[in-house]
Amino acid sequence: MLCTCSGQQFQFEENEMPQSPESLATRDFSVSGLSSKTGDWDSKFDDSQVDDVESTLKETLSLNYEEARALLGRLEYQRGNFDAALQVFQGIDVRGLRPRMIKAIAERTQHRKSRPKGENVQVNVMSMHSVSLLLEAILLKSKSLEQLGRHKDAALECKNILDIVESAWPYGMPEGVRGESKLKEMFHKALELLPKLWKQAGFLEEAISAYRRALVRPWSLDLKRWASLQKDLATVLLYGGAEVPLPPQFQQVWAHMTPTSNIEEAVLLLLILMRKVAFQEINWDAEIMDHLIYALSLSGQFELLAGHVEQVLPGIYSRGERWYLLALCYSAAGLDDLALNILKKGLGHSERKHKLHLPSLLLGAKLCYKNPSHAWEGINFAMKAIEFTNNQEKHLRGVASHLLGVCYGYCAQSSISDSQRLRLQSESLKSLQHAATIEKDDPEVVYSLGRENAIQRNLNTAVESAIKYLDMVAGSSVSGWKLLALVVSAEQNFKDAEAIVDLAIDETGKVDHLDFLWLKASLQVAQEQPRNAIDTYRILLAMIQVQKELKSWSSDSEVKAVKDLEMEAWLDLSFIYTKLESWTDSYVCLEKAKSVEIFSPKCWHATGMLLEAQSLHADALVAFSVALSIEPDYVPSMVSIAAVLRMFGGKSLSLARSFLMNALHLEPTNHNAWLNLGCISKAEGSLHHAADCFQAAYELRQSSPVQNFT
């Protein structure tokens, strides 16, 4: 044995087995200072360790061949001689000893109450010290194989420990096992080690099975180990990339909450861990929250995630961070207004003593960027973010300037004062140009700059920005192609715009074809090609019908967008048939549009246009009035009412002028409003003013796209 310790090869013959186990054990421990306490691999020597060894020897009366190899292998392992340790451990016949070890564990760990007082177990049953020593040898053999890079063999060896103990305790660890049990400690180490070895070997399914095996029975694990295993299993299920179904024997553990996928199982595990954190059974672990955020994001359960963010105990997150996370959750759930209200708390008077949270400011500005009705609040968020950066965080300053420029543009569109509108438009371009100088590689900044230039009719600059944007995104953006086509149509190059749309249809996916077909039909109408436009609309409506039958839309916003597009297509067809004086077809298309959304001002405006084309002016006025009752700021109906009143003449002219002035306050680039205002001025004898209005109408008409830029 000592020769083997020094690296020399030696093999025992049956008649040469050592006859003095006590002497051998004493020599081994006196040389190495090694403890015989299973699981204690510290090399420090003390009297209690020797006593432990002596108690083992006195109980067994002899140190057999396997036990000697177990002690010697442990010595070699501690010295870092993994090859030598493995050679020693391989001499232990685990397969032959397995039945005796199972029998010893089962009989010696029975509950105290199941055995009469004073009755001993059978004499020929292996002692628990011996069992623990051999289990430790198997565990160290597995760890030696791990150190040598043989992870699969290490996992198979470690699995032997679980098989032995589970055979003895099929229903979990008995209550009679002492908390300081050496066997218990070895088994718990094996439970933790096995799945890690399978992961290192690249066997993901086996690793998941090992985790589930460790968690499915009551193995008397402490809370820290239990939580660690649950977190590791959830991590593998989330990021492993393999779907491993839950075996039937494990499904009964979850009862009616049996998960149907790996993600569901991971979510359940993480929710259990978060509950333990909330009850302070385990310490706060940021990784658990990170994994839960990822898992619930994958499954779309953002409101549930917000609830768990709220349950996090005070002190983990600052007030700004907590509100920021909550706002992100509600925004992802589609509750942008609720998210914005949460972020406003950070700007309240009660928060003046707290430091501003820059991500919250940027998120607030972005939420306002998505909803033009909150544009003024977006300006407030963005300006505070710019002040907070203090010229140090250049990238974030560029992001804030981009959001500020877009919000300025939205405010300009809704401004009723000409001077204020011009000022806001100037501020919008200034902020966007500043953002473009900082974020030169951000395509969204380039797109916003091009869009704002298009709205302000700076068409040449808008075309350059649109082309640059498409180059930056490799032609993969639907909004980029639409912007370019609309700007070209605003230059009255309808044929070139249609060619751009055809190219966009080839470059983008089939999902995006609906918007492009609608734009193509509008361009064909502008080119006075009604028959081609009708064919295009038929294709568009047929595609919408097919997608409705297949239910290919996942979110409510997508369903609403397609419904709006279907209504627009029917209304456009109604306008085409109205111009062709095909009243019956126009009425049919109009009814189809109303079946999609009857309370739309566009539908009632189209009804008024059809009635006006048939010289039913009084009925047309009623239809236009209904449109304004649904949406008081609907500009096309304002202009149409003014046009009908202008035809009546007399005292109706002043009322018509009032409608037109309101329309121009809301939409100063509406060329029809300027045209009708010029006609009224001419009828009233104001020829110079009429000439100015006609000039404005002509110039705006020459720069109007077939669809609005907004």
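Trp583, Ser586, Tyr587, Leu590, Ala593 and Lys594 in helix 29 touch a set of residues in helix 30: Cys603, Trp604, Ala606, Thr607, Leu610, Leu611 and Ala613. Sorted by class, that contact has 10 nonpolar, two polar and one charged residues. Keep in mind that this is a predicted model.

**How the two helices sit together**
- Two packed helices are described by the angle between their axes and the distance between the axes.
- Here, helix 29 covers residues 583-596 and helix 30 covers residues 601-613, and their axes come within 10 Å.
- Those axes cross at roughly 165°, and angles over 145 degrees count as roughly antiparallel, so helix 29 and helix 30 are roughly antiparallel to each other.
- The crossing of helix 29 past helix 30 is left-handed.

**Cysteines**
- Cys589 has a relative accessible area of 5%, and anything under 20% is called buried, so Cys589 is buried.
- Cys603, one of the helix 30 residues in the contact, is buried too, because its relative accessibility is 0%.
- A disulfide is a covalent bond between the sulfur atoms of two cysteines.
- Searching the whole structure for disulfides turns up zero.

**A look at Ala365**
- Ala365 belongs to helix 18, which runs over residues 358-370.
- With just 1% relative accessibility, Ala365 counts as buried.
- Setting aside neighbours within four places in sequence, Ala365 is in contact with Gly378, Phe381, Ala382, Leu403 and Cys407.
- Asn380 is 15 residues from Ala365 in sequence, and their C-alpha atoms are 7.9 Å apart in space.

Terms used: Residues are numbered from 1 along each chain as its sequence is written. This is a predicted model: local features need pLDDT of at least 70, side-chain atom pairs count only at pLDDT 80 or more; totals for chains, interfaces and linings use all residues. Side-chain values use heavy atoms; hydrogens and water are left out. A disulfide is a pair of cysteine sulfur atoms within 2.5 Å. Buried means under 20% relative accessible area, exposed over 50%, partly exposed in between (1.4 Å probe, protein chains only). Axes are lines fitted to C-alpha atoms, for helices over the stretch in contact, and angles run from 0 to 180 degrees between N-to-C directions. Helices (H or I, at least four residues) and strands (E, at least two) are DSSP runs, numbered from the N terminus. Angles under 35 degrees count as roughly parallel, over 145 as roughly antiparallel, 65 to 115 as roughly perpendicular and the rest as oblique. A crossing is left-handed if the near helix is turned anticlockwise from the far one by less than a right angle, and right-handed if clockwise. Contact means heavy atoms within 4.5 Å. Ala, Val, Leu, Ile, Met, Phe, Trp, Tyr, Cys and Pro count as nonpolar, Asp, Glu, Lys and Arg as charged, and the others, Gly among them, as polar.
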